[in-house]
Amino acid sequence: MAKVLVIADIKQGVLKGSTTQLLSKAKAIGAETAVVAIGSNIVSLIPGLVNAGSDTQYIADDPGLELFSAGPYASCVVDAAKQFGANLIWFGFSESGKAVAPRVAAQLDVACATDSTDVMLQADQIEIIRPAITNKVLQRVKIHTGQLVAVVRAGAFEATEGIMGTENVVKLSPPAADLKAVIRQILSEASGEIDLADANIVVSVGRGAKDQAGIDLVKELANDLKAGFGSTRAMVDAGFIPHYKQVGQTGKIVAPTLYMAIGISGAIQHLAGMKGSKVILAVNKDPEAPIFNVADYGIVGDLFEVVPILREELKKMRS
Ligand SMILES: Cc1cc2nc3c(=O)[nH]c(=O)nc-3n(C[C@H](O)[C@H](O)[C@H](O)COP(=O)(O)OP(=O)(O)OC[C@H]3O[C@@H](n4cnc5c(N)ncnc54)[C@H](O)[C@@H]3O)c2cc1C
């Protein structure tokens, strides 16, 4: 039986949705599931980890693990992987996941696949699917080691409603301090905002919004929808929007239920970050804009007229 170890994605003490998605997929392929949770004061997350579908919970709870640090976090994952005898070790698509996964693979001397969109297991043969060349092709990769460390792209797997695991908590010893680099403080501009990676709806703005007033208009629509707010690189390069909100090849990859592209042309590098969204709605005044080639719903019009109408209609629907 396959044994899948999922690395719990915890941000500021909150368990993120990717953990349930990965555990749901593991259950769907009939695997035995375990989760490793790393942090400080995280014991209260155990019921959530069980409800997310894990059958064993490896808990590394130590004040020294409060702030993310790739070295010690990797040691905890390696410890859990060895104890569990995992043959698949899955990380969600986050900056921390991408930093820790290669370290774990190197320490276990096994294959590492970043950016996977599917993982298949037949008998003992592991294969993955991963997009390449800005999503133009999908590679099917056969893994020749019996174990695989994979970073799974956001939204690749769906969470199954009502899956349950069993409580079997294993406490991990805290790893030795990694003195090569010590993170003292995390400064976050983004506190209180909806994280793009978790958002069910993402509203993104492009150069069509022109300036701060246009951006604010689109941001209001995002706030009405309780959506994550994203942007194209053009608006980041122009200095209007911080890079952590950029969607695309050199930004974040998102796969929400609804992606609204407002005043965005649909350059291939932007599509690389949002093409996996379930439903795409585009507003653009140019009927030939490439974004309409991937949009499920397209509104040809001036965003300065269309966005207020959308907001008004939303208000009516709510009342
Ligand atoms: C190596 C590399 C990496 C890159 N990585 C990324 C990335 O990660 N993410 C990313 O987004 N880009 C990336 N880019 C940049 C990308 O190629 C595009 O330049 C960028 O996505 C364009 O942004 P945009 O759609 O906002 O602007 P534009 O291409 O200028 O499009 C603006 C759109 O707004 C429409 N418009 C104008 N006025 C209005 C109005 N009043 N109402 C409605 N519509 C209007 C126009 O018709 C147009 O289609 C990358 C480029 C390179 C070379």
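## Elements and model

Helices here are DSSP runs of H or I with at least four residues, strands are runs of E with at least two, and both are numbered from the N terminus. The model is predicted.

## Ligand shell

Which elements each supply at least two residues of the shell around the ligand? They are helix H6 (233-237), helix H7 (268-271), S16 and helix H9 (303-318). H6 gives the most, with three residues.

The shell holds 28 residues. Gly 206, Gly 208, Arg 233, Gly 248 and Ser 265 come nearest to the ligand. By class, the shell has 14 polar residues, nine nonpolar and five charged.

## Two domains

The protein is divided into domain 1, residues 3-171, and domain 2, residues 201-318. Their C-alpha centres lie 31 Å apart. The two domains do touch: six residues of domain 1 are in contact with ten residues of domain 2. On the domain 1 side, the touching residues divide into three polar, two nonpolar and one charged.

## Parallel strands S13 to S17

Start with S13, residues 201-205. Four of its five residues are buried, so this strand is mostly covered. S13 runs parallel to S15, with five bridges between them. Here Ile 201 has Leu 258 of S15 as its bridge partner. S13 also runs parallel to S14 (residues 228-231), joined by four bridges. In that pairing, Val 202 is matched with Gly 228 of S14. Helix H5 (residues 212-224) belongs with these two strands: S13, H5 and S14 make a right-handed β-α-β unit.

Now follow the pairing from S15. S15 (residues 258-262) and S16 (residues 279-284) pair in the parallel sense over five bridges. Met 260 stands opposite Leu 281 of S16. S16 in turn runs parallel to S17 (residues 297-300), with four bridges joining them. Leu 281 appears again in this pairing, where its bridge partner in S17 is Tyr 297. S16 is also one of the elements that supply at least two residues of the ligand shell.

## Tyr 58

Tyr 58 is found in strand S5, residues 56-61. Is Tyr 58 buried or exposed? Tyr 58 counts as buried because 26 C-beta neighbours lie inside 10 Å, and the cut-off for buried is 20 or more.

Leaving aside neighbours within four places in sequence, Tyr 58 is in contact with six residues: Ala 34, Val 36, Ala 80, Gln 83, Val 170 and Leu 172. Ala 74 lies 16 residues away along the chain, and its C-alpha atom is separated from that of Tyr 58 by 13 Å.

## Asp 118

Asp 118 has its place in strand S8, residues 118-122. Asp 118 has 16 C-beta neighbours inside 10 Å, so this residue counts as partly exposed. That class covers the counts between exposed, at 12 or fewer, and buried, at 20 or more.

Which residues does Asp 118 contact, leaving aside neighbours within four places in sequence? They are Ile 128, Ile 129 and Ala 156. Phe 157 is 39 residues from Asp 118 in sequence. In space, the two are 7.8 Å apart, C-alpha to C-alpha.

Notes. Residues are numbered from 1 along each chain as its sequence is written. This is a predicted model: local features need pLDDT of at least 70, side-chain atom pairs count only at pLDDT 80 or more; totals for chains, interfaces and linings use all residues. Two strands pair if DSSP finds at least two bridges between them. A crossover is right-handed if, with the strands pointing away from the viewer, the path from the first strand over the helix to the second runs clockwise. A residue is near a molecule or strand if its C-beta atom, placed from the backbone, lies within 6 Å of it. Ala, Val, Leu, Ile, Met, Phe, Trp, Tyr, Cys and Pro count as nonpolar, Asp, Glu, Lys and Arg as charged, and the others, Gly among them, as polar. Domain bounds come from an automatic or database domain assignment. Two residues are in contact if their C-beta atoms, placed from the backbone, lie within 7 Å.
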